[in-house]
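Got the viewer open? Here is a tour that tells you what to select at each stop and what you will find there.

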Amino acid sequence: MLTEMRHLLDHMAWADDAMLRALDGAPSVPAEAARELAHILAAEENWLARLERRAPRSAIWPDMTVVNLAQLAECVHSGFAQFLDAQTEADLHRMVSYTNSAGILFETSVRDILHQVFLHAQYHRGKVNLLLRQAGLTPAPVDYIAYVRGFPTAVTPVGG
(Lines give C-alpha, C1' and ligand atoms only; values in the text may rest on other atoms or scores of the structure.)
Protein backbone atom coordinates (compact mmCIF):
# COMPACT_ATOMS: atom_id res chain seq x y z
CA MET A 1 0.00 0.00 0.00
CA LEU A 2 2.89 2.41 0.68
CA THR A 3 4.10 2.00 -2.91
CA GLU A 4 0.59 2.86 -4.15
CA MET A 5 0.39 5.90 -1.86
CA ARG A 6 3.77 7.12 -3.11
CA HIS A 7 2.56 6.71 -6.70
CA LEU A 8 -0.57 8.77 -5.95
CA LEU A 9 1.58 11.39 -4.23
CA ASP A 10 3.78 11.61 -7.33
CA HIS A 11 0.67 12.14 -9.45
CA MET A 12 -0.54 14.83 -7.04
CA ALA A 13 2.74 16.74 -7.31
CA TRP A 14 2.78 16.37 -11.11
CA ALA A 15 -0.83 17.57 -11.42
CA ASP A 16 -0.35 20.48 -8.99
CA ASP A 17 2.69 21.58 -10.99
CA ALA A 18 0.69 21.36 -14.23
CA MET A 19 -1.99 23.57 -12.69
CA LEU A 20 0.63 26.09 -11.55
CA ARG A 21 2.13 26.19 -15.06
CA ALA A 22 -1.32 26.73 -16.58
CA LEU A 23 -1.99 29.70 -14.32
CA ASP A 24 1.52 31.08 -14.58
CA GLY A 25 1.36 30.95 -18.40
CA ALA A 26 -2.06 32.55 -18.68
CA PRO A 27 -2.19 36.15 -19.88
CA SER A 28 -4.84 36.89 -17.26
CA VAL A 29 -5.66 34.44 -14.49
CA PRO A 30 -9.32 34.26 -13.48
CA ALA A 31 -9.46 35.13 -9.77
CA GLU A 32 -11.67 32.11 -8.99
CA ALA A 33 -9.19 29.75 -10.69
CA ALA A 34 -6.34 31.09 -8.56
CA ARG A 35 -8.56 30.82 -5.48
CA GLU A 36 -9.37 27.16 -6.23
CA LEU A 37 -5.70 26.30 -6.76
CA ALA A 38 -4.81 28.09 -3.53
CA HIS A 39 -7.42 25.96 -1.77
CA ILE A 40 -5.99 22.74 -3.24
CA LEU A 41 -2.51 23.49 -1.94
CA ALA A 42 -3.69 24.89 1.38
CA ALA A 43 -5.89 21.85 2.02
CA GLU A 44 -2.92 19.61 1.25
CA GLU A 45 -0.88 21.63 3.77
CA ASN A 46 -3.63 21.39 6.40
CA TRP A 47 -3.88 17.62 6.01
CA LEU A 48 -0.08 17.29 6.18
CA ALA A 49 -0.11 19.35 9.38
CA ARG A 50 -2.69 16.99 10.88
CA LEU A 51 -0.55 13.99 9.95
CA GLU A 52 2.53 15.65 11.43
CA ARG A 53 0.59 16.80 14.52
CA ARG A 54 1.45 20.48 14.10
CA ALA A 55 -0.33 23.74 13.34
CA PRO A 56 -1.03 24.39 9.64
CA ARG A 57 1.05 27.03 7.84
CA SER A 58 -1.91 28.23 5.79
CA ALA A 59 -5.60 28.97 6.02
CA ILE A 60 -7.89 26.61 4.08
CA TRP A 61 -8.87 29.35 1.58
CA PRO A 62 -5.80 31.64 1.42
CA ASP A 63 -5.38 34.65 -0.84
CA MET A 64 -2.02 33.99 -2.53
CA THR A 65 -0.12 34.96 -5.66
CA VAL A 66 0.97 32.31 -8.17
CA VAL A 67 4.57 32.73 -6.91
CA ASN A 68 3.43 32.09 -3.32
CA LEU A 69 1.41 29.11 -4.52
CA ALA A 70 4.50 27.61 -6.18
CA GLN A 71 6.42 27.99 -2.92
CA LEU A 72 3.60 26.38 -0.94
CA ALA A 73 3.39 23.52 -3.46
CA GLU A 74 7.11 22.82 -3.15
CA CYS A 75 6.87 22.77 0.64
CA VAL A 76 3.79 20.53 0.68
CA HIS A 77 5.10 18.07 -1.90
CA SER A 78 8.43 17.63 -0.14
CA GLY A 79 6.64 17.39 3.21
CA PHE A 80 4.38 14.58 2.02
CA ALA A 81 7.36 12.77 0.46
CA GLN A 82 9.27 12.94 3.74
CA PHE A 83 6.19 11.86 5.67
CA LEU A 84 5.59 8.81 3.46
CA ASP A 85 9.28 7.86 3.53
CA ALA A 86 9.06 7.60 7.32
CA GLN A 87 5.95 5.37 7.34
CA THR A 88 5.55 1.61 7.51
CA GLU A 89 2.62 -0.38 6.18
CA ALA A 90 1.28 -0.62 9.73
CA ASP A 91 1.48 3.18 10.11
CA LEU A 92 -1.14 3.57 7.37
CA HIS A 93 -3.71 2.15 9.80
CA ARG A 94 -2.72 4.50 12.65
CA MET A 95 -5.56 6.78 13.71
CA VAL A 96 -4.99 10.53 13.67
CA SER A 97 -7.07 12.82 15.91
CA TYR A 98 -7.64 16.35 14.65
CA THR A 99 -10.10 19.20 14.70
CA ASN A 100 -11.44 20.24 11.30
CA SER A 101 -11.87 23.82 10.10
CA ALA A 102 -15.40 23.87 11.58
CA GLY A 103 -14.03 22.96 15.01
CA ILE A 104 -15.30 19.37 15.02
CA LEU A 105 -13.05 16.63 16.45
CA PHE A 106 -12.42 13.61 14.19
CA GLU A 107 -10.27 10.51 14.18
CA THR A 108 -9.23 9.14 10.77
CA SER A 109 -6.64 6.62 9.60
CA VAL A 110 -3.49 7.82 7.84
CA ARG A 111 -4.56 5.77 4.80
CA ASP A 112 -7.94 7.48 4.58
CA ILE A 113 -6.41 10.92 5.07
CA LEU A 114 -4.02 10.28 2.19
CA HIS A 115 -6.86 9.17 -0.06
CA GLN A 116 -8.81 12.30 0.90
CA VAL A 117 -5.85 14.50 -0.04
CA PHE A 118 -5.40 12.89 -3.46
CA LEU A 119 -9.09 12.79 -4.38
CA HIS A 120 -9.98 16.23 -3.02
CA ALA A 121 -7.22 17.83 -5.07
CA GLN A 122 -8.38 16.18 -8.29
CA TYR A 123 -11.94 17.42 -7.73
CA HIS A 124 -10.76 21.01 -7.39
CA ARG A 125 -8.36 20.71 -10.35
CA GLY A 126 -11.43 20.00 -12.46
CA LYS A 127 -12.98 23.23 -11.20
CA VAL A 128 -9.80 25.17 -12.05
CA ASN A 129 -9.83 23.72 -15.56
CA LEU A 130 -13.49 24.64 -16.03
CA LEU A 131 -12.76 28.21 -14.97
CA LEU A 132 -9.79 28.38 -17.34
CA ARG A 133 -11.89 27.09 -20.22
CA GLN A 134 -14.70 29.55 -19.45
CA ALA A 135 -12.12 32.35 -19.61
CA GLY A 136 -11.01 31.17 -23.07
CA LEU A 137 -7.77 29.68 -21.72
CA THR A 138 -6.32 26.21 -22.23
CA PRO A 139 -6.98 23.82 -19.34
CA ALA A 140 -4.16 21.73 -17.88
CA PRO A 141 -4.48 18.01 -18.70
CA VAL A 142 -4.03 16.40 -15.28
CA ASP A 143 -5.71 13.03 -15.79
CA TYR A 144 -4.10 10.20 -13.87
CA ILE A 145 -3.73 8.15 -17.07
CA ALA A 146 -1.69 10.95 -18.67
CA TYR A 147 0.66 10.82 -15.71
CA VAL A 148 0.97 7.03 -15.94
CA ARG A 149 1.51 7.06 -19.71
CA GLY A 150 3.96 9.92 -19.54
CA PHE A 151 2.30 12.04 -22.20
CA PRO A 152 -0.64 14.45 -22.23
CA THR A 153 -4.20 13.33 -22.61
CA ALA A 154 -6.29 14.56 -25.48
CA VAL A 155 -7.57 18.06 -24.83
CA THR A 156 -10.54 19.57 -26.59
CA PRO A 157 -9.36 22.89 -28.01
CA VAL A 158 -10.89 26.04 -26.57
CA GLY A 159 -13.97 26.83 -28.64
CA GLY A 160 -14.11 23.22 -29.92
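On this tour, two residues are in contact, or touch, when they have heavy atoms within 4.5 Å of each other. Keep in mind too that the model is predicted.

**Stop 1: F83**

Start by selecting F83, which sits in helix α3. Leaving out residues up to four places away in sequence, F83 touches L48, L51, E52, R94 and V110. Is F83 buried or exposed? Its relative accessible area is 8%, so F83 is buried, the cut-off being under 20%. Now add D10 to your selection: D10 and F83 are 73 residues apart in sequence, and their C-alpha atoms are 13 Å apart in space.

**Stop 2: H77**

Stay in helix α3 and pick H77. With a relative accessibility of 11%, H77 counts as buried. Show what surrounds H77: not counting residues up to four places away in sequence, it touches M12, A13, D16, D17, L41 and E44. One of these, D16, is worth a distance label, since D16 and H77 are 61 residues apart in sequence but 9.3 Å apart C-alpha to C-alpha.

**Stop 3: α2 against α3**

Next, colour α2 and α3. A general point first: two packed helices are described by the angle between their axes and the distance between the axes. For α2 and α3 the angle is about 30°, and the axes are 10 Å apart. Angles under 35 degrees count as roughly parallel, so this pair is roughly parallel. The crossing of α2 past α3 is left-handed.

To see who makes the contact, select A34, L37, A38, L41, A42, E44, E45, L48, L51 and E52 on the α2 side, then L69, L72, A73, V76, H77, G79, F80 and F83 on the α3 side. Sorted by class, these residues are 13 nonpolar, two polar and three charged. Both earlier stops, F83 and H77, are in the α3 part of this set.

**Stop 4: the loop between α2 and α3**

Follow the chain into the loop between α2 and α3, where you can select R53. What is the phi of R53? It is positive, about 55°, although R53 is not a glycine. For background, most residues other than glycine have a negative phi. R53 counts as exposed, at 61% relative accessibility.

Now select S58, which is in the loop between α2 and α3 too. S58 is buried, with a relative accessible area of 13%. Setting aside its neighbours within four places in sequence, S58 is in contact with A42, E45, N46 and L72.

**Stop 5: α4 and its partners**

Bring in α4. With α2, it packs at an angle of about 175°, and the two axes are 8 Å apart. That makes α2 and α4 roughly antiparallel to each other. Their contact has 14 nonpolar, four polar and five charged residues.

Now swap α2 for α1. Which angle do α1 and α4 make? It is about 25°, with axes 10 Å apart, so α1 and α4 are roughly parallel. Here, too, α1 passes α4 in a left-handed crossing.

For the α1 side of the contact, select M5, L8, L9, H11, M12, A15, D16, M19, A22 and L23; for the α4 side, select R111, L114, H115, V117, F118, Q122, R125, V128, N129 and L132. By class they divide into 13 nonpolar, four polar and three charged. Zoom in on F118: leaving out residues up to four places away in sequence, it touches M5, L8, L9 and M12.

Before leaving α4, click G126, which is in this helix. G126 counts as partly exposed, at 39% relative accessibility. Draw a line from G126 to R57: the two are 69 residues apart along the chain, and their C-alpha atoms are separated by 25 Å.

**Last stop: the nonpolar core**

In soluble globular proteins, nonpolar side chains tend to be buried together. How many residues does the largest nonpolar core have here? It has 43, and those with the most contacts inside it are L37, L51, F80, L114, F118 and V128. Colour the elements that each supply at least two residues of this core: α1 (2-24), α2 (31-52), α3 (66-85), β1 (95-99) and α4 (110-134). The element that gives the most to this core is α1, with 11 residues.

Conventions:
Residues are numbered from 1 along each chain as its sequence is written. This is a predicted model: local features need pLDDT of at least 70, side-chain atom pairs count only at pLDDT 80 or more; totals for chains, interfaces and linings use all residues. Side-chain values use heavy atoms; hydrogens and water are left out. A nonpolar core is a set of buried Ala, Val, Leu, Ile, Met, Phe, Trp, Tyr and Cys residues joined through side-chain atoms within 4.5 Å. Buried means under 20% relative accessible area, exposed over 50%, partly exposed in between (1.4 Å probe, protein chains only). Helices (H or I, at least four residues) and strands (E, at least two) are DSSP runs, numbered from the N terminus. Axes are lines fitted to C-alpha atoms, for helices over the stretch in contact, and angles run from 0 to 180 degrees between N-to-C directions. Angles under 35 degrees count as roughly parallel, over 145 as roughly antiparallel, 65 to 115 as roughly perpendicular and the rest as oblique. A crossing is left-handed if the near helix is turned anticlockwise from the far one by less than a right angle, and right-handed if clockwise. Ala, Val, Leu, Ile, Met, Phe, Trp, Tyr, Cys and Pro count as nonpolar, Asp, Glu, Lys and Arg as charged, and the others, Gly among them, as polar.
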